[in-house]
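Let's take a walk through this protein together, one region at a time. Keep the structure open beside the text and turn it as you read.

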Amino acid sequence: MKIITYNVNGIRSAINKDWLAWLQATNADVVCLQEIKATPDVIKELGLVDALGYKHYWFPAEKKGYSGTAIFSKINPNHIEYGCGIPDFDREGRCIRVDFDEVSVMSAYFPSGSSGDERQIFKYRFLDEFGKYLTLLKVEHPKLVICGDYNICHKPIDIHNPKSNANSSGFLPEEREWMENFIESGFIDTFRHVNKEPHNYTWWSFRSGARSKNLGWRIDYAMASKELEDNIKRCAILPEAKHSDHCPVLLELEF
């Protein structure tokens, strides 16, 4: 099973950058999207998505042009779960999940705290409450993949300049501690499971040519529960895909 996670920073914008041709070329089984910033009724190209063999499930935010998640799948799921049952997070379309016979796959978009104290407080609350939800979910669905934009760099290797970003949202000690505890609770950072090398990032600022200089952050993950460890075949970051300020992450599972 080939799974891709991609924060597209506006799916209409990505489509205008030839994203659908890229999607066809990747031929992924499941595509987890974040920050779709749209409802399906405004996407004129949905017929092309259908033609590629994807069923598509959308969980947009109530606020137009903001946040939202979606999953495209070539495999018919047994169940689709929209949201996590926490109203403040579901209003922002923060997660959607599909359940298959062998595995459950979630697309999650963690809040950013970079716009100020109020959203940082919201982010901490999300980490606390959503983290508890995921702990319970893993009991119910032991073979679980949580893809998405976590808006957190876990370790210094995951950010281009850890010293100057020590006080930046996304690399704060409390956020990194949450990520460590989350992994310790029974999840595998599948990219680091297969690749220990530095300078692998998934997001770059639009400023100062950061992407061309590879001055990035690794904040997009395909986290798999430990029960799937033997099924991990490959995980790779795909920086050549340039439809967004993020790039996709590919996870291949073998069943």
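Just after helix H6 comes glycine 186, and its phi is positive, near 130 degrees. This is a predicted model, so please read every value below as computed from it.

Helix H6 itself runs over residues 173-184. Its twelve residues reach 16 Å from the first C-alpha to the last, close to the 16 Å expected at 1.5 Å a residue. Which residues of H6 are buried? They are Glu175, Trp178, Met179, Phe182 and Ile183. These buried residues cover an arc of only 130 degrees around the axis, so they sit on the same side of H6. The general background is that an α-helix has 3.6 residues a turn, so residues three or four places apart point the same way. The cover over the buried residues of H6 includes H5, E8, strand E9 (187-189) and E12. On the face turned away from the buried side you will find the exposed residues Pro173 and Glu184.

Glycine 186 turns up again when you look at serine 225, which is found in strand E12. Leaving aside neighbours within four places in sequence, serine 225 is in contact with Gly186, Phe187 and Ile188, and also with Lys138, Pro142, Lys143 and Leu144. Is serine 225 buried or exposed? Its relative accessible area is 0%, so serine 225 is buried.

One of those contacts, Lys138, leads into helix H5, where Lys138 is among the buried residues. Helix H5 spans residues 117-140. At 1.5 Å a residue its 24 residues should span 34 Å, and the end C-alpha atoms are 35 Å apart, which agrees. Other buried residues of H5 include Phe122, Phe126, Phe130, Tyr133, Leu134 and Leu137.

H5 also takes part in charged pairs. As a reminder, side chains of opposite charge can pair when their charged atoms come close. There are 15 salt bridges in the structure. One of them joins the side chains of arginine 119 and glutamate 92, at 3.0 Å from N to O. Arginine 119 lies in H5 and glutamate 92 in the loop between helix H4 (87-90) and E6, so this pair ties together parts that are 27 residues apart in sequence. Glutamate 92 has 12% relative accessibility, so it counts as buried.

A second salt bridge brings together the side chains of glutamate 129 and arginine 125, at 2.8 Å from N to O. Both of these residues lie in H5, four residues apart, about one turn of the helix. Glutamate 129 is partly exposed at 26% relative accessible area, and arginine 125 is partly exposed too, at 30%. The pair belongs to a network of salt bridges linking Asp88, Arg91, Arg125 and Glu129. Elsewhere, arginine 97 forms a salt bridge with aspartate 99, with the closest N and O atoms 2.8 Å apart. Both arginine 97 and aspartate 99 are buried.

Now for the nonpolar interior. In soluble globular proteins, nonpolar side chains tend to be buried together. Here the largest nonpolar core has 29 residues, and Val30, Val103, Val105 and Val145 have the most contacts inside it. Among the elements that give two or more residues to this core are strand E2 (30-34), strand E8 (144-149) and strand E12 (220-225). Not counting residues up to four places away in sequence, valine 30 touches Met1, Lys2, Ile3, Ile4, Ile71, Phe72, Ser73, Phe100 and Val105. Apart from this core lies another, of 27 residues, including Ala38, Ile43, Val49 and Leu238.

Finally, visit the loop between E2 and H3, which holds proline 40 and valine 42. Proline 40 is partly exposed, with a relative accessible area of 26%, and it touches Leu46 and Trp58, not counting residues up to four places away in sequence. The C-alpha atoms of proline 40 and proline 60 are separated by 8.5 Å, with their positions 20 residues apart along the chain. Valine 42 is also partly exposed, at 34% relative accessibility. The C-alpha atoms of valine 42 and lysine 138 are 34 Å apart, and these residues are 96 residues apart along the chain.

As for annotation, an unreviewed UniProt entry lists residues 4-228 as "domain: Endonuclease/exonuclease/phosphatase". That span is 29% helix and 24% strand, and its end C-alpha atoms lie 16 Å apart.

Note on methods:
Residues numbered from 1 in each chain as written. Predicted model: local features only at pLDDT ≥ 70, side-chain atom pairs only at ≥ 80, totals over all residues. Heavy atoms only, no water. Core = buried A, V, L, I, M, F, W, Y, C linked by side-chain atoms within 4.5 Å. Buried < 20%, exposed > 50% of the residue type's maximum accessible area, 1.4 Å probe, protein only. Contact = heavy atoms within 4.5 Å. Salt bridge = Lys/Arg side-chain N within 4 Å of Asp/Glu carboxyl O. Expected span 1.5 Å × (residues − 1). Arc of directions from axis to C-beta. UniProt positions renumbered as here; feature names shortened; annotations may be inferred.
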